[in-house]
Amino acid sequence: MRHGAKLALAIIFGALSHVSAQTTQGLIAGRILNSVTGRPVANATITWSSSTLAASGIQKSDAFGYYFLPLLSAGTYNVKAEADTYQPQELQELELPVAGIINLEFRIRPLNDVWEAGQYRSVFLPGTKTIVTFFGPDVDTSRSGSFSSQNGDRSALDTSQSYVITPTEIEDLPLQGRDVYTMLISLPNVTSDTSTGRGIGVSVAGARPSSSNFLLDGVSNNNYLVTGPLNPVAPEAIQEYRISTNNYSAEYGRTDGFVANAVTRAGDNTFHLNAYWYFKNEALNAADFADNAVGAGRTRDKENRIGYQGGGRIIRNRLFFSSAFEQFNSHGTLAPQTYFLPTTNYLPAYNIPSTRLAYQLLKKYPAPEIQAQTTIAPLDISAPVVVNRQLALERGDYSTKSGKDRLMARLVLDRFKEPDFSYTPYTDFITPLYQNTTGIAGNWTRSWTPRLTHEFKLSYSDDDLWWNRAHPEIPTLISGDDATLPGSPLFYSYRNRNRSFEATYSAVWTRRRHVITMGGGMLLRYNSGYLTAGQDGEYL
């Protein structure tokens, strides 16, 4: 083998060892035992179904009584164990967390230990010679025996220290800014840290706020410019998420702070729709003491947030959809700021001829009209603060008739605009800021055998943030008399675009009570942009 080929293989295997496949799927595993003898029950049938995800399947226990339900999405499950000459048992409303595992042991009862209707037994009363004969209860052995002695031992799929933020917590607890990740602050070893302006403003176990890895449906969802999550998602569209804070396994790498592993909500066989509208208005607020002290009154604050989340089936038990959309509009003003602007006497006082560029500039881009004998005059202006954002999430799930293959496709869109990002009294030079993000993900899960399951994921994300200095042909003008002149106050235009491609593969193989996982992944990032510092000039 040539030296170049050896080097290429070394690079590939090195990359795979550092970028492993991560998953949001969970496992339900355990053992089927005879409740009388404690011996394993071989070839027992384990039937599982989910009322929240419209998924189901059948597995068999091995010769040692072990069973394994591989790579299940987070949700609520019913698990039933059946075997010949045994009374069935079923456990309902079993909550499987994201990237979690439940060890569930069934002790099913032999039918020869079940009293049938009409049978009787006799016993001696303690301390007497009296014999009491009684009949057994009416028992229908074709029905499942319900049991509540245990709901399984829950743990994370890996050995990391982690916590699950459940759907109940997301729905019922107040979330600052409707951001599901604000729940982090309620966990141990998590403190607020806003001094660096990075990440989401929290520090885990003393690590930097930027030391984080955000996953959405098992694929990367990181903002590589300022860190933190890339695609914001409305809380109504999030099923739940797991926060890992320490001792990560191989597939949750690329950080020494914390891992936030979120799962979007999937559709099921029932149709549902959740619509909402939140609003703010200064008419409902009181002016604070600081504003009253200067006679400013109530600050303008109008905010509307309207959206929905819904889902259901397209083909019963086979094809499902989930959709969410949110429109956010915020209109407010800053505290008044004093600008010194040219008056109507500015040009006559300096006797500037019309052939001069200065004359043409002030005529083409006039300041707010101020009638005064002086050349400049103060004007108090409350700069507007406007934010417009649209969030959309579309997801589809498909399961084959055999149940061996499950497919998922998901699209997330975020369109953000701040029209008055760089404000100036000259309206032609106000510069807006834009940020558009797109996230596409797909997942294929297949059970090749009852003991071997694989999962393949593909994702693409595009993050485009930019502002362009208005009228770059006009330099920044700074006047010695403190007058604000036409021209953009920005020193540069800026753009940062980051595109990421990710592919991950993982396989799960079970042998008795052992679970063996293996996988690999590849993450490609393309970054481009510009910063035109000083390109358009500055004149004093």
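**Lining of the largest pocket**

In this predicted model, strand β25 contributes the most to the lining of the largest pocket, supplying three residues. Strands β21, β22, β25, β26 (405-422), β27 (431-449) and β28 (452-467) each provide at least two residues of this lining.

The space in the largest pocket amounts to about 860 Å³. Its lining comprises 35 residues, of which Gly177, Asp179, Pro229, Pro232 and Arg389 are the closest to the centre of the pocket. Sorted by class, the lining of the largest pocket consists of 18 nonpolar, nine polar and eight charged residues.

**Pairing of β22 with β25**

Strand β25, which spans residues 384-399, runs antiparallel to β22, and 15 bridges join the two. Within this pairing, Ser330 is positioned opposite Val387 of β25.

In a regular strand, side chains point alternately to the two faces of the sheet.

**The β21-β22 hairpin**

Strand β22 (residues 319-333) is also joined to β21 (residues 301-315); these strands are antiparallel and are linked by 14 bridges. Ile315 faces Leu319 of β22 across this pairing.

Three residues separate β21 from β22, and the two strands form a hairpin. In the turn, Asn317 adopts a positive phi of about 65°.

**Strands shared by sheet and pocket**

Strand β22 therefore pairs with both β21 and β25, given that two strands count as paired when at least two bridges are found between them. These three strands, β21, β22 and β25, are also among those that each give at least two residues to the lining of the largest pocket.

Definitions and conventions: Residues are numbered from 1 along each chain as its sequence is written. This is a predicted model: local features need pLDDT of at least 70, side-chain atom pairs count only at pLDDT 80 or more; totals for chains, interfaces and linings use all residues. Side-chain values use heavy atoms; hydrogens and water are left out. Helices (H or I, at least four residues) and strands (E, at least two) are DSSP runs, numbered from the N terminus. On a 1 Å grid over the protein atoms alone, a cavity is a set of points where a 1.4 Å probe fits but cannot get out, and a pocket is an open set with protein on both sides within 12 Å along at least five of seven lines; lining residues have an atom within 4 Å of a point. Grid points are joined across faces, edges and corners, and a volume is the space filled by probe spheres set on the points. Ala, Val, Leu, Ile, Met, Phe, Trp, Tyr, Cys and Pro count as nonpolar, Asp, Glu, Lys and Arg as charged, and the others, Gly among them, as polar.
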